[in-house]
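Work through the exercises below with the sequence and the model open. Try each task before reading its solution.

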Amino acid sequence: MAPRMTIPTQLVLRALLEDPDEERYGYDIGESAGLASGTVHPILARLEGLGWLTSRWEDVDSRIAGRPSRRYYRLTAEGAHAARDALARTHRSRLPWLSPQPSPGTS
């Protein structure tokens with residue numbers, strides 16, 4: 001099953017696909033995608049629910065780090081493949097002249 005491919009979802013997937021094996025935290029993904037945290041985190045939650053992402057909380061002492069712990073996300077192998085396919089389908093649907101056309105004289 002694929003998520004609804006809104007433009008923000010596409011931007012998040014493109015950011016994650018920049019390096020599909022890298023763990024990234026939400027703020028970093030949002031910066032790459034050009035989106036606010038309130039937009040990015042619900043998308044990440046949906047993608048994780050579909051099995052496209054895994055996540056983990058950073059093991060850090062917030063007082064020592066001087067910031068809250070971060071939740072890191074990574075594409076699963078299946079998620080990276082599905083994301084590429086979904087983005088390609090979305091791209092093709094916006095470019096109808098790239099879709100196969102029937103040959104003249106055929107229906």
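Two strands pair if DSSP finds at least two bridges between them. The model is predicted. Keep both points in mind throughout.

**Exercise 1. Lay out the fold.**
Task: State how many helices and strands the protein chain has, and in what pattern they follow each other.

Solution.
- Step 1. Count the elements: the protein chain has five helices and three strands.
- Step 2. Read them along the sequence: the pattern is α-β-α-α-β-α-β-α.
- Step 3. Add the global figures. Of the 107 residues, 33% count as buried. Take the contacts between residues at least 6 apart in sequence: 55% of them join residues at least 24 apart.

**Exercise 2. Assemble the sheet.**
Task: Find the order of the three strands, and say which are the edge strands.

Solution.
- Step 1. Start with strand 2 and strand 3. They pair in the antiparallel sense over five bridges.
- Step 2. Place residues in that pairing. Thr 54 has Arg 74 in strand 3 as its bridge partner. Leu 53 stands opposite Leu 75 in strand 3.
- Step 3. Turn to strand 1. Two bridges join strand 1 to strand 3, again running antiparallel. The cut-off for pairing is at least two bridges.
- Step 4. Put the strands in order: the open sheet reads 1-3-2, with antiparallel pairing. Strand 1 and strand 2 (53-57) are the edge strands, each pairing on one side only.
- Step 5. Add the helix that crosses. Helix 3 lies across strand 2 and strand 3, and runs at about 115 degrees to strand 2.

**Exercise 3. Classify the aromatic pair.**
Task: Determine how many aromatic pairs there are, and whether the rings of Tyr 25 and Tyr 72 are stacked, tilted or edge-to-face.

Solution.
- Step 1. Count: there is one aromatic pair.
- Step 2. Check the geometry. The ring centres of Tyr 25 and Tyr 72 are 5.7 Å apart and the planes stand at 75 degrees, so the pair is edge-to-face. The cut-off for that class is over 60 degrees.
- Step 3. Locate the partners. Tyr 25 is in strand 1 (residues 24-25) and Tyr 72 is in strand 3, 47 residues apart. Tyr 72 is also the bridge partner of Tyr 25.
- Step 4. Compare exposure. Tyr 25 has 21% relative accessibility and so counts as partly exposed. Tyr 72, at 14%, counts as buried. The cut-off for buried is under 20%.
- Step 5. Look at the face of Tyr 25. Arg 70 lies over that face, at 4.0 Å from the ring centre.

**Exercise 4. Map the core.**
Task: Identify the residues that touch the most other members of the largest nonpolar core, and the elements that each supply at least two residues.

Solution.
- Step 1. List the hubs. The core has 22 residues, and Val 12, Leu 16, Ile 29, Leu 44 and Leu 47 touch the most other members.
- Step 2. Assign the elements. Helix 1 (7-17), helix 2 (26-33), helix 3 (37-49), strand 3 (71-75) and helix 5 (77-94) each supply at least two core residues.
- Step 3. Zoom in on Leu 47. Beyond its neighbours within four places in sequence, Leu 47 is in contact with Pro 3, Val 12, Leu 13, Leu 16, Trp 52 and Leu 53.

**Exercise 5. Check one residue of helix 1.**
Task: Decide whether Ile 7 is buried or exposed.

Solution.
- Step 1. Ile 7 is found in helix 1.
- Step 2. Its relative accessibility is 52%, so Ile 7 counts as exposed.
- Step 3. Ile 7 and Thr 90 are 83 residues apart along the chain, and their C-alpha atoms are separated by 9.9 Å.

Notes: Residues are numbered from 1 along each chain as its sequence is written. This is a predicted model: local features need pLDDT of at least 70, side-chain atom pairs count only at pLDDT 80 or more; totals for chains, interfaces and linings use all residues. Side-chain values use heavy atoms; hydrogens and water are left out. A nonpolar core is a set of buried Ala, Val, Leu, Ile, Met, Phe, Trp, Tyr and Cys residues joined through side-chain atoms within 4.5 Å. Buried means under 20% relative accessible area, exposed over 50%, partly exposed in between (1.4 Å probe, protein chains only). Helices (H or I, at least four residues) and strands (E, at least two) are DSSP runs, numbered from the N terminus. Contact means heavy atoms within 4.5 Å. Rings of Phe, Tyr and Trp (its six-membered ring) pair if their centres lie within 6.5 Å; planes under 30 degrees apart count as stacked, over 60 as edge-to-face and the rest as tilted. A charge sits over a ring if NZ of Lys or CZ of Arg is within 6 Å of the ring centre and within 35 degrees of the ring normal. Axes are lines fitted to C-alpha atoms, for helices over the stretch in contact, and angles run from 0 to 180 degrees between N-to-C directions.
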